[in-house]
Amino acid sequence: MGLVHVMVGLPIALASVTAPARVEIETPEPPTPVVIDSQRVLVYELHITSFARTPLELRHIEVFGRPALPLATYRDSALAALLEPVGGMHEPAHDPARLEPGRRVVAYLWVPLPRHGAVPDTLVDRVVFSPADSAAAPNDETVAEAAVAVRHTEAAVLSPPLPEGIWLAGGGPSNVSPHRRALAALGGRTYIAQRFAVDWMLIGPNGDTHQVDATRNESYWGFDQPVLAVADGEVTEVVDSIPDHAPHVLPGAVTLANIAGNHVILRIGAHRYVVYGHLEHGSVRVRPGERVRRGQTIAKLGDSGQTTAPHLHLHVADGNSVLGAEGVPWVLRSYEDLGSGNTFELNAHPDIPRSLALPGESEVVRWGRGRP
Ligand SMILES: [Zn+2]
């Protein structure tokens, strides 16, 4: 009788279920809600590794919040924009959606949510493939689904890391910023410490980040500005011995030891470490183990390490390491959004108050004026 049941059931199953894809999908960090200006997004990555014997083509990725709530679908150019093969593109014409046997591609997700709606507890990512070579049947789709719990812990709330003024959030949070995709393999696993990093540059009275002579650090309005503790905390790492270099002159050999230049790491809570990078040589005023207060000057903005011009690199990670920890979200208590740096004009810009949010990539913001 068992055989009869199988024979009856089989055609129905084949008609309604797509075959499983021979891939592994890992989510190293849980989807994390973060507010960028007025938009809430869920940020995470899917590491997709092929165990198939022939090349696969990623067709689309669908994201659901349970129960069966479609949040986003990515296909064609929108899908390609999410994908980066591990090790980079091997040839200029490489299709990022093509996955060779044994290879891994990372899908960088940045899923918009309503600012004030509920955040789902679980996401389901449905990834659909077809055979990559046209000789095989292109409609022979296979699918992999991965469910993962959303991280609901609160973002760290920071005070400004620099004095009152108008600041450019260079490389600030977006799904395509260089920081967002700075995936590093260290100590046997991968990390994106800089997932929510910002490179802060001061805008001066000429409406630019520097004066005419862009070859001198002193021409940059931000150079030598005080760098401030963003919260009460304890200093956990200090490097202060690396010379500053001239703008657009990269240091000879970039290593793990000097990539961030002179830097301070400040522990502000459980699994919350603020990394300040590229500080001015000899400017660090704090020592490991020292307690600091919010707003206290800890160093000065410099041009050390892997930089092209003076700026303060700032991010928050879950461990005491510049690159060997996972970047976690943070927000500024308050700031004014003055629009995009690409179109910014000193005398004609929007002025939008924001609170408990992060500025987006290349946004110009102002803080201070008596507020924390
Ligand atoms: Zn940076």
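Two strands pair if DSSP finds at least two bridges between them. Keep that rule in hand for the exercises below. The model is predicted.

**Exercise 1. Get an overview of the chain: its make-up, its extent and its confidence.**

Solution.
- Step 1. Start with secondary structure. The chain holds two helices and 26 strands.
- Step 2. Take the extent. The C-alpha trace spans about 80 × 45 × 45 Å along its principal axes.
- Step 3. Look at burial. Of the 372 residues, 38% count as buried.
- Step 4. Look at contact range. Take contacts between residues at least 6 apart in sequence: 70% of them join residues at least 24 apart.
- Step 5. Check confidence. The mean pLDDT is 90, and 91% of the residues reach 70 or more. Residues 1-16 have a pLDDT below 50, and this stretch makes zero contacts beyond near neighbours in sequence.

**Exercise 2. Find the partners of strand 13, and say whether this strand is enclosed or open.**

Solution.
- Step 1. Locate strand 13 at residues 165-170.
- Step 2. Apply the pairing rule to strand 26 (residues 363-367). Five bridges join strand 26 to strand 13, and the two run antiparallel. Within this pair, isoleucine 166 stands opposite arginine 366.
- Step 3. Turn to strand 16 (residues 198-202). Four bridges link strand 16 to strand 13, again antiparallel. Here tryptophan 167 faces leucine 202 as its opposite residue.
- Step 4. Judge burial. Five of the six residues of strand 13 are buried, so the strand is largely enclosed by the rest of the structure.

**Exercise 3. Describe the largest nonpolar core and the surroundings of valine 274.**

Solution.
- Step 1. Recall the background. In soluble globular proteins, nonpolar side chains tend to be buried together.
- Step 2. Count the members. The largest nonpolar core has 88 residues, and Trp167, Val264 and Val274 touch the most other members. At least three residues come from each of domain 1 (19-149) and domain 2 (156-367).
- Step 3. Zoom in on valine 274. Leave out residues up to four places away in sequence. Valine 274 then touches Val230, Ile265, Leu266, Ile268, Leu314 and Val316.

**Exercise 4. Work out how the two domains meet, and which strand of domain 1 gives the most to the contact.**

Solution.
- Step 1. Set the bounds. Domain 1 covers 19-149 and domain 2 covers 156-367.
- Step 2. Place their centres. Taken over C-alpha atoms, the centres are separated by 30 Å.
- Step 3. Count the residues in the contact. Domain 1 gives 12 and domain 2 gives 18.
- Step 4. Find the strands on the domain 1 side. Strand 3 (32-36) and strand 9 (104-113) each supply at least two residues. Strand 3 gives the most, with four residues.
- Step 5. Sort the domain 1 side by residue type. Eight residues are nonpolar, one is polar and three are charged.

**Exercise 5. Follow strand 3 into its hairpin with strand 4.**

Solution.
- Step 1. Read the side chains along strand 3. Thr32, Val34 and Ile36 point to one face and are buried. Pro33 and Val35 point to the other face and are not buried.
- Step 2. Check the pairing. Five bridges join strand 3 and strand 4 (residues 39-50) in the antiparallel sense. Valine 35 stands opposite arginine 40.
- Step 3. Inspect the turn. Two residues lie between the strands of this hairpin, and aspartate 37 takes a positive phi near 55°.

**Exercise 6. Decide for tyrosine 335 and for proline 243: buried or exposed?**

Solution.
- Step 1. State the cut-offs. A residue is buried with 20 or more other C-beta atoms within 10 Å, and exposed with 12 or fewer.
- Step 2. Test tyrosine 335, found in strand 24 (residues 330-340). Tyrosine 335 has 24 C-beta neighbours inside 10 Å, so it counts as buried.
- Step 3. List the contacts of tyrosine 335, again leaving out residues up to four places away in sequence. They are Arg354, Pro359, Val365, Arg366 and Trp367.
- Step 4. Compare sequence and space. Tyrosine 335 and aspartate 37 are 298 residues apart along the chain, and 9.8 Å separate their C-alpha atoms.
- Step 5. Test proline 243, in the loop between strand 18 (233-239) and strand 19 (262-269). Proline 243 has 12 other C-beta atoms within 10 Å, so it is exposed.
- Step 6. List its contacts by the same exclusion of residues up to four places away. Proline 243 touches His281 and Ser304.

Key:
Residues are numbered from 1 along each chain as its sequence is written. A nonpolar core is a set of buried Ala, Val, Leu, Ile, Met, Phe, Trp, Tyr and Cys residues joined through C-beta atoms within 7 Å. Domain bounds come from an automatic or database domain assignment. Two residues are in contact if their C-beta atoms, placed from the backbone, lie within 7 Å. Ala, Val, Leu, Ile, Met, Phe, Trp, Tyr, Cys and Pro count as nonpolar, Asp, Glu, Lys and Arg as charged, and the others, Gly among them, as polar. pLDDT is the predictor's confidence in each residue, from 0 to 100.
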